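Q: Could you take me on a close look at one part of this model, the paired strands, and then show me what the helices add to the picture?

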Amino acid sequence: MESPFEVLRLDADADEEEIEQAYRERVKQAHPDQGGSIEEFQTVRTAYERIKAGYSPNGKSASAEGASAGNGTRAQDRASGQDRAGAKNEARDTAESEPDDRAEWATSEVTYLNYDVLSDFGWETDDRNLFRKASAADLDEDDFGQFVADPGQSLLEAAEDHGFAWPFACRGGACANCAIMIRDGELSMPSSHVLSAEMMEQGIRLSCNGVPITRELEIIYNVKHMPELEDLLLPPDPFENAYS
Ligand code: FES
């Protein structure tokens, strides 16, 4: 079995910058929408997460406690007394100790935040502490929380299965009504969609045909209100009526 450093094609003495660069390259190559596969993509993600959690090329991983004290990742930041975040970290620790157990990846845990609340609090989409702030803000369940997406299920379908009425129109890749912004994790989408390369680079994805391919996702939904997406919106009524 390849070590995390081998998966990322890194030398054992690679520094932080080299690790980040190698990850960005490998994650693009491995993406199922770019000729890779879900399995390869997840292997690359796991390798990166294990390195960030303290994996050492000499064969020893830092303990979850040590990693938590040392690297300050977003998920670990959110662990400050929040039950949901605590459960998430526990799941992550388990997955890190068993990185090759495919069952750990069978579902994706989605942490969502409603774009509409950002302006209420003066938050920005690129704030690295955004989800920690949201976790501490005692938001309504419609605006912030977590749910689990089943394998192969689109993000929109998963949200609806949990009782949420996220926006949509065509449900076919032809508008931006269902757009979400990815903060962590990834979705796989068909190539036929309306989003530009710049929007994709920004992390914008479509929830109606985007399928989670990482075991964890942090997303902002309802981003159809972003000015750059305005021209891609469709009137939702005919579609909502047809769907209902
Ligand atoms: Fe139109 Fe998703 S609802 S692309």
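A: In this predicted model, A179 stands opposite L206 in strand 5. That pair belongs to the contact between strand 3 (residues 179-184) and strand 5 (residues 204-206), which run antiparallel and are joined by three bridges. Strand 3 is also joined to strand 7 (residues 216-221), again antiparallel, through four bridges. There, I180 of strand 3 faces Y221 in strand 7.

From strand 7 we can step across to strand 1, since these two pair in the parallel sense over six bridges. A handy residue to follow here is V110, whose bridge partner in strand 7 is L217. V110 has a partner in strand 2 as well, namely F147. Strand 1 and strand 2 (residues 144-149) pair in the antiparallel sense, over six bridges.

How buried is strand 1 (residues 108-114)? Seven of its seven residues are buried, so the strand is largely enclosed by the rest of the structure. If you look at the two sides of strand 1, S108, V110, Y112 and N114 point one way, while E109, T111 and L113 point the other way, and all are buried.

Now for the helices. Helix 3 (residues 38-52) has 15 residues and reaches 21 Å from its first C-alpha to its last, close to the 21 Å expected at 1.5 Å a residue. Eleven of those 15 residues are buried, so helix 3 too is largely enclosed by the rest of the structure. The buried run takes in F41, Q42, T43, V44, R45, T46, A47, Y48, E49, R50 and I51. After helix 3 comes G54, with a positive phi near 115°.

Helix 2 (residues 16-30) also has 15 residues, and its span of 21 Å from first C-alpha to last is close to the 21 Å expected at 1.5 Å a residue. Its buried residues are A22, Y23, R26 and A30. Viewed down the axis of helix 2, these buried residues fall within an arc of 105°, so they line one face of the helix. The general rule behind such a pattern is that an α-helix has 3.6 residues a turn, so residues three or four places apart point the same way. On the face of helix 2 turned away from its buried side you will find the exposed residues E17 and R24. And what do the buried residues of helix 2 pack against? They pack against helix 3, the helix in which eleven of the 15 residues are buried.

Terms used: Residues numbered from 1 in each chain as written. Predicted model: local features only at pLDDT ≥ 70, side-chain atom pairs only at ≥ 80, totals over all residues. Pairing = 2+ DSSP bridges. Expected span 1.5 Å × (residues − 1). Buried ≥ 20, exposed ≤ 12 C-beta atoms within 10 Å, placed from the backbone. Arc of directions from axis to C-beta. Contact = placed C-beta atoms within 7 Å.
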